[in-house]
Amino acid sequence: MKLVTYLREEVDQLAMLVDGKLYNMQDLHPELPTTMHMFLLMWDEVIGLAQSIDQRIKEGKKPSTAIGIHYEDVQVLAPVPFPASCRDGYAFRQHVAAARRNRKVDMIPEFDQYPIFYFTNHNAIQGPGDIQCMPDHFDKLDFELEAAIVICKRGRNVPAAEADEYIGGYMIMNDMSARTLQMEEMKLNLGPAKGKDFSTVIGPMLVTPDELEPYKIDPKPGHTGNAYNLKMKCWVNGVQVSDGNMGDMDWTFAEIVERCSYGADILPGDVIGSGTVGTGCFTELNGTGKLNDPNYPEQWLQPGDVVEMEIDGLGRLSNTIVAEDSDFSLLKIKKNV
C-alpha cells in the first residue's frame with residue numbers, strides 16, 4: 001500500500017495512491033483515519049481494513065464513494081508531516097569507509113560493533129518542493145541520499161528479531177546538510193545541530209512492507225532483519241550524481257530500531273533514517289574526486305538547483321533549493337579569540 005499526505009483545504013489529508021490516483025481515506029471507509037498521525041496511532045486497528053480496500057481498488061472494485069484525484073493535481077506534503085521525532089542512522093559501511101579514506105584516516109572499528117544514530121529537528125521535516133536556505137547553509141550545501149522508516153507502534157527494548165513488526169513503512173529521505181556549520185560545531189564534540197536542523201526531506205509517499213516483498217533479500221552476514229534490493233539514485237539538475245542500493249545497508253533498520261528502543265520508548269510517528277548510501281552526497285564525491293585528482297572541482301548545491309532522488313518501489317522525490325531573503329549569518333557573528 002502506498003500512502004500519501006497532501007494539502008486539502010489547508011489541512012493535511014491522508015490518501016491511498018493507486019495507479020496515479022489518490023483516494024481519500026474517509027471516502028473509502030468511515031473507520032479509516034483522515035491523517036497519517038491518526039493512522040499510525042490506530043495502526044493495528046486499521047491496517048488490515050486499509051490493505052483490503054487497497055487490494056480491491058487495484059482489482060477495479062473501488063467503493064462508489066471514492067473519487068480518484070490525480071497525484072499531479074495536489075500539493076504533496078511529507079507522508080509523515082508531523083513526526084513524533086526524527087533520528088538518522090549510519091548504516092552504510094561503504095559511505096563511512098569512503099569518507100574516512102578521503103580524509104586519510106583509518107576505518108573506525110566501532111562501526112562494525114553497533115549501529116549509531118543522532119536526533120535531528122523533527123519540526124524541520126518537509127516533503128517535495130522548495131527547500132529554504134539561509135546564507136550560511138550555502139557554504140558547502142549538501143544533499144544526502146537515504147531511505148527512512150516510520151514506527152507504527154509503541155515499543156521499548158525491542159530485540160532486532162522482532163523489530164520489523166514495528167516498521168509501518170519506508171520512504172526516501174534527503175538529509176540536507178550545511179557542511180561548514182556542521183564541521184565547525186562538531187569540533188566541540190556536539191552535534192550535528194545547525195548544520196542539519198533546517199531541512200530533512202521525506203517522501204513522496206510511505207510504502208508499507210508488503211509492497212516490498214518482491215525485493216526482499218538476506219541481510220549482510222551476521223545481521224538480523226529485513227533487507228531489500230532497491231536501487232537508490234540522485235540527480236542534480238538532471239545529471240546523475242549518486243548510484244547505490246538499499247541492500248548495501250550493513251546495519252538493518254531492525255538493528256537500528258533495537259538500539260533506538262534500548263531503555264527508551266519508540267512511538268508511532270518516529271521517523272528513522274538509514275544514513276547516507278555510498279556515493280550519496282557531495283562530501284563523499286568531492287573527497288573521492290580530490291583523492292584521485294588534486295585539481296578536481298568541488299560541487300555544492302546552489303540556489304535554483306533541483307535535487308531528485310529515486311528508490312525502487314518508493315517513488316521519486318524532487319526539491320528545489322531556494323535562498324531566503326536574508327543576509328543574517330551565524331558565521332559572521334562568531335566571537336574572536
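Here is a friendly set of questions and answers about the predicted model shown above.

Reader: Before we start, what kind of model is this, and what pLDDT do local features need?

Author: Residues are numbered from 1 along each chain as its sequence is written, and side-chain values use heavy atoms, with hydrogens and water left out. The model is predicted: totals for chains, interfaces and linings use all residues, side-chain atom pairs count only at pLDDT 80 or more, and local features need pLDDT of at least 70.

Reader: Thanks! At what angle do helix 4 and helix 8 pack?

Author: Helices (H or I, at least four residues) and strands (E, at least two) are DSSP runs, numbered from the N terminus. Axes are lines fitted to C-alpha atoms, for helices over the stretch in contact, and angles run from 0 to 180 degrees between N-to-C directions. Helix 4 covers residues 93–102 and helix 8 residues 282–292; their axes are 9 Å apart, and the angle is about 45 degrees.

Reader: Which word describes how the two helices lie to each other?

Author: Angles under 35 degrees count as roughly parallel, over 145 as roughly antiparallel, 65 to 115 as roughly perpendicular and the rest as oblique. Helix 4 and helix 8 are therefore oblique.

Reader: Which residues of helix 8 make the contact with helix 4?

Author: Contact means heavy atoms within 4.5 Å. Helix 4 contributes His-95, Ala-98, Arg-101 and Asn-102, and they meet helix 8 through Glu-284, Gly-287, Thr-288 and Leu-291.

Reader: In what order do the five strands of the open sheet come?

Author: Two strands pair if DSSP finds at least two bridges between them. Strand 8 (129–133) and strand 18 (239–245) each have a single partner strand, so one side of each is left without a neighbour in the sheet. The pairing is mixed, and the order is 8-22-21-17-18.

Reader: Which residue of strand 22 is the bridge partner of Val-307?

Author: Strand 21 (residues 306–311) and strand 22 (residues 315–323) pair in the antiparallel sense over six bridges. In strand 22, Val-307 is partnered by Asn-319.

Reader: And which residue of strand 18 stands opposite Lys-233?

Author: Strand 17 (residues 231–236) runs antiparallel to strand 18, and six bridges join them. The two form a hairpin with two residues between them, where Asn-237 in the turn has a positive phi of about 55 degrees. Opposite Lys-233 stands Asp-243.

Reader: Why is the pair of Phe-143 and Phe-282 classed as it is?

Author: Rings of Phe, Tyr and Trp (its six-membered ring) pair if their centres lie within 6.5 Å; planes under 30 degrees apart count as stacked, over 60 as edge-to-face and the rest as tilted. By this rule there are six aromatic pairs. The ring centres of Phe-143 and Phe-282 are 5.0 Å apart and their planes are at 80 degrees, so this pair is edge-to-face.

Reader: How many residues apart in sequence are the parts that this pair ties together?

Author: Phe-143 lies in the loop between strand 9 (141–142) and strand 10 (145–151), while Phe-282 belongs to helix 8, so the parts tied together are separated in sequence by 139 residues.

Reader: Which proline follows Gly-203 through a cis peptide bond?

Author: Most residues other than glycine have a negative phi, and most peptide bonds are trans. Here the bond from Gly-203 is cis, with omega near -5 degrees. The proline is found in strand 14, and its name is Pro-204.
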